[in-house]
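Colleague: I should like to learn how pockets and unusual backbone geometry are read from a model. May we go through one example together?

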Amino acid sequence: MRAALYPGDDLDILMRGEHELSRLVFQISTGFMVAALLALALSLYLSDYYTEEQRRLAAAGDVEAAMDASQRATRLAPFDADPLEARSLLLQQQGRYGDAADALRQAIEREPHNYMPYLLLGNLQLSRDNLDAAIRNYRSVLELNPNSSIARTGLAKALVRKGDLEAARREYEWLLEKRQITYEGLYDLGRIYVRTGEPQKGYQAIKRARRMASRGIPELEEPLKSQREELVASMELALADALVVQRRYSAARRVISQSSSEQAPALLQLLISDPEGYRESVVNSEIY
């Protein structure tokens, strides 16, 4: 005859059964989680692979295959901004700037706390003279990464083009204080000083920018060498402008006389015939 159960036996049996069931459910869930993680890892690996393939094919000139690789990379990593950033660059190389900007906006939607898509979009907008939008995106970068010297430089350039010299000055002075300013930024800052009541300070900044830009010119290859030489010649004329604003006309004449710029003869004639008119034209001129 079957032995009678103690009053708690049936409860113990139920508890053991529930425990076994919960362990089984946990094991199944863990298995699904591991499988999902493996699938995600594989997807990210393949996305990286196709992103690199896109770059390789684009460098080789196979645009159609590069676009196909870009689409694959984008689909395989639906939460990753990198494939869209690479796609944007490919579209820019094809002159499809609107599509390139859209790709970066999608990248921002995927990773709103990643400052890089904002930076790339700001750079693209600055290159297309979409200044207000560029300023907004550079400021978004600086909210996420206040130490981004690239974003601050881009912001300062956009502000200069808009004619907001005081705001641009603040950004460039931050870069100068942090020793992260480029010679082009220092050149802009010097010209801003000249136009905002500090021509002597501007003269010193432009002089330093010219010295920085002149370094290594002989080692440069064309067309970079010619471009740098033209920039240095422009800086020399900017030094003359700074002297003119200080009414140091004799010193300005010497600088212009020694300049190799095509503009030098006309500027020298203006300085001789109408020095005050020259001075007014500098103070009221825009910075390009």
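Colleague: What volume does the second largest pocket have?

Modeller: Please keep in mind that this is a predicted model. The second largest pocket has a volume of about 240 Å³.

Colleague: Which residues line the second largest pocket?

Modeller: A lining residue is one with an atom within 4 Å of a pocket point. Here the lining consists of Lys157, Val160, Arg161, Glu184, Tyr187, Asp188, Arg191, Leu231, Ile287 and Tyr288. Two elements, helix H7 (149–162) and H9, give two or more residues to this lining. The largest share, 4 residues, comes from H9.

Colleague: How is the lining of the second largest pocket divided by class?

Modeller: There are 5 nonpolar and 5 charged residues, with no polar ones. Tyr counts as nonpolar in this scheme, and Tyr187 and Tyr288 are among the lining residues.

Colleague: How much space lies in the largest pocket, and which residues lie nearest its centre?

Modeller: The largest pocket holds about 370 Å³ of space. Its lining comprises 18 residues, and those nearest the centre are Tyr187, Arg191, Arg195, Asp241 and Gln263. Tyr187 and Arg191 also appear in the lining of the second largest pocket.

Colleague: Which helices each supply at least two residues of the lining of the largest pocket?

Modeller: They are helix H9 (183–195), helix H11 (224–245) and helix H14 (275–283). By class, the lining of the largest pocket has 10 nonpolar residues, 4 polar and 4 charged.

Colleague: Let us turn to the backbone. Is the peptide bond from Glu222 to Pro223 cis or trans?

Modeller: For a peptide bond, one reads omega. The bond from Glu222 to Pro223 is cis, its omega being near 5°. Pro223 is placed in the loop between helix H10 (199–214) and H11.

Colleague: Where does Asp129 lie, and what is its phi?

Modeller: When the sign of phi is read, the residue type is read with it. Asp129 is not a glycine, yet its phi is positive, at about 60°. The residue sits in the loop between helix H5 (115–127) and helix H6 (131–144).

Colleague: What is phi of Arg247, and where is the place of this residue?

Modeller: Arg247, also a residue other than glycine, has a positive phi near 65°. Its place is in the loop that runs between H11 and helix H12 (249–257).

Colleague: Is Arg247 buried, partly exposed or exposed?

Modeller: Relative accessible area decides the matter: buried means under 20% and exposed over 50%. Arg247 has a value of 45%, so it is classed as partly exposed.

Methods. Residues are numbered from 1 along each chain as its sequence is written. This is a predicted model: local features need pLDDT of at least 70, side-chain atom pairs count only at pLDDT 80 or more; totals for chains, interfaces and linings use all residues. Side-chain values use heavy atoms; hydrogens and water are left out. On a 1 Å grid over the protein atoms alone, a cavity is a set of points where a 1.4 Å probe fits but cannot get out, and a pocket is an open set with protein on both sides within 12 Å along at least five of seven lines; lining residues have an atom within 4 Å of a point. Grid points are joined across faces, edges and corners, and a volume is the space filled by probe spheres set on the points. Buried means under 20% relative accessible area, exposed over 50%, partly exposed in between (1.4 Å probe, protein chains only).
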